[in-house]
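Hi everyone, thanks for coming. Let's walk through a structure together, and please have it open while I talk.

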Amino acid sequence: MFYATTITNTKTATTVTANTTTKTLRVMTMATTKTSSWVCCCFWLLLMHQTITIVITCRVSEFPCKGSTTICVPLDKYCDGKADCEDGSDEPRHCTGMYYQNLINGKSAFCNRTYYGDIGRTYSIKVPTPQWNKLPFLCHLTFTASGHDQGDIVQIIFDSFTVGRFDEGMVDTDVDGYETSLSPTGELPGCPEGFMQLSELGRPFTGGSWCGKATGPQLYFSETSTVTASVKVFHPPRNLQEEKPFEFSIRYKFISQSDAVVRYGLPDKPLELGRVTPGTYCTRQFDECYRNKCRLQSPNYPGMYPRNVTCYWTIRQKEVPTSKHAMIAVSQENQHKALVKRSIASFNKTSRSIRAWSDCTGERDHLIFYDGSSTNDPVLAKYCGGDWLPRVVSR
């Protein structure tokens, strides 16, 4: 029996195989005819002059231009500062001429909308800077992959991200992880000025948040067909004279499950990803991995994993030959495939160095291995950081 748990999980993909002989498990047109007669039916053909109007129905991923029945533009071109429709209906008065600064009651024309798209295309959105005298600023962006040509999952690339600031000194942590408790006004400890949250349709809301400034592009792959990014700003930044006190620029695309081979494997050779425990966010059960290669991977892999999440992975070897003892081993020797983030809210990158035991303090995401089926069993190892995972063997 082997049990692994993560606090906020680890970004890792591990191949699992087993061999019971060596007692080890390694943690991967209808016509009617009469016989003698013919019937001839003759008709007069009346020719009339008609005007035919062709009406093109726009796809769910497109905006229909109001002054034309033949022009459709992608949804992300709506209110982007450039008229793509002949009549300019994609740039209504509240967004033309003041693209980056135009906000209606503190909200952008991009916000509180659902975006669709087509496989093979990349779309982009840049949320304008809030008006600091009209806070709070709330912006919800929902992306839905509606199947078939519109994809099955959503990929979001965060090109520029500066939302509030991350104050590590305000974070209240304990040995079990980060405790989220919003203030009456909706503020979050550790992110006093504002933050972003990601939520997915049909999955429990974790309350996990990101704030601060990203040091480079970050990737997010949804687990479901719909994901919502919510940006919330409550207070202006301390230094409004900064060059870019607020940035939220993303690209997004829609991917079919058959093309997401890194996560799911090839269509004719899918990866063994375990069974999800009903009612949980990411808890999975793995059994008899000697039959098929099993893989332990973080939620939303291969993108960044969610915040404020605890995942439990249980690996069991039920079939053991007589007079044999099955030992389970988990390992990840490939670099750049395991990275447990440094902080609970910041987008900043973590140095790629593995840490263990006491170095994995309360505010650090971490991975714990238990020698048994519960957290009451002996602890084999506790890791944080990256970028490779030492071999852990059950007793």
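Before we start, one definition: buried here means under 20% relative accessible area, exposed means over 50%, and partly exposed is whatever lies in between. Please also keep in mind that this is a predicted model.

Let's begin with charges. A search of the whole structure turns up ten salt bridges. One that I'd like you to find joins the side chains of R59 and D118, with N to O at 3.0 Å. Where do these two sit? R59 is in the loop between β3 (24-26) and β4 (62-64), while D118 is in the loop between β6 (113-115) and β7 (123-126), so this pair ties together parts that are 59 residues apart in sequence. Now use our definition. With a relative accessibility of 35%, R59 falls between the two cut-offs, so we call R59 partly exposed. D118, at 13%, is under 20% and therefore counts as buried.

Next, please look at R251 and D159. Their closest N and O atoms are 2.7 Å apart, in another salt bridge. R251 belongs to strand β17 (residues 247-255) and D159 to strand β9 (residues 153-163), so here the parts being tied together are 92 residues apart in sequence. Are these two buried or exposed? Neither word fits: R251 has a relative accessible area of 34% and is partly exposed, and D159 is partly exposed too, with 28%.

A further salt bridge involves β17 residue E247 and K244, where the closest N and O atoms are 3.5 Å apart. E247 is buried at 12% relative accessibility, whereas K244 is partly exposed at 45%. There is also a network of salt bridges, which links R165, D167 and E193.

That brings us to β9. How many of the eleven residues of β9 are buried? Nine are, so β9 is largely enclosed by the rest of the structure. And which strands pair with β9? β17 does, in the antiparallel sense and over nine bridges; within that pairing, V154 has F254 as its bridge partner. Strand β15 (residues 218-221) is antiparallel to β9 as well, joined by four bridges, and there I157 stands opposite L219. Strand β14 (residues 212-213) also runs antiparallel to β9, with two bridges, and V163 is partnered with G212.

Hold on to F254, as we need it for the aromatics. The structure holds 13 aromatic pairs. One of them is Y123 with F254, edge-to-face, at 6.4 Å centre to centre and with 70° between the planes. It links distant parts of the chain, as Y123 is in strand β7 and F254 in strand β17, 131 residues apart. Y123 is buried at 2% relative accessibility, and F254 is buried with a relative accessible area of 2%. F254 also pairs edge-to-face with Y252, at 5.8 Å centre to centre and 90° between the planes. Both of those residues are buried. Ring pairs connect Y115, Y123, F143, Y252 and F254 into a cluster.

Two last stops. R203 lies over the face of Y281, 4.0 Å from the ring centre. And on the surface, V261, V262 and L266 make a nonpolar patch of about 230 Å². V262 is in helix α1 (residues 261-264) and is partly exposed, with a relative accessible area of 43%.

That's my tour. Thanks for listening!

Note on methods: Residues numbered from 1 in each chain as written. Predicted model: local features only at pLDDT ≥ 70, side-chain atom pairs only at ≥ 80, totals over all residues. Heavy atoms only, no water. Patch = residues over 30% accessible without salt bridge, like charges linked within 9 Å, V, L, I, M, F, W, Y side chains within 5 Å. Areas by Shrake-Rupley, 256 points an atom, 1.4 Å probe, with all protein chains shown as cover. Salt bridge = Lys/Arg side-chain N within 4 Å of Asp/Glu carboxyl O. Buried < 20%, exposed > 50% of the residue type's maximum accessible area, 1.4 Å probe, protein only. Pairing = 2+ DSSP bridges. Phe/Tyr/Trp six-rings, centres within 6.5 Å; stacked < 30°, edge-to-face > 60°. Lys NZ or Arg CZ within 6 Å of the ring centre and 35° of its normal.
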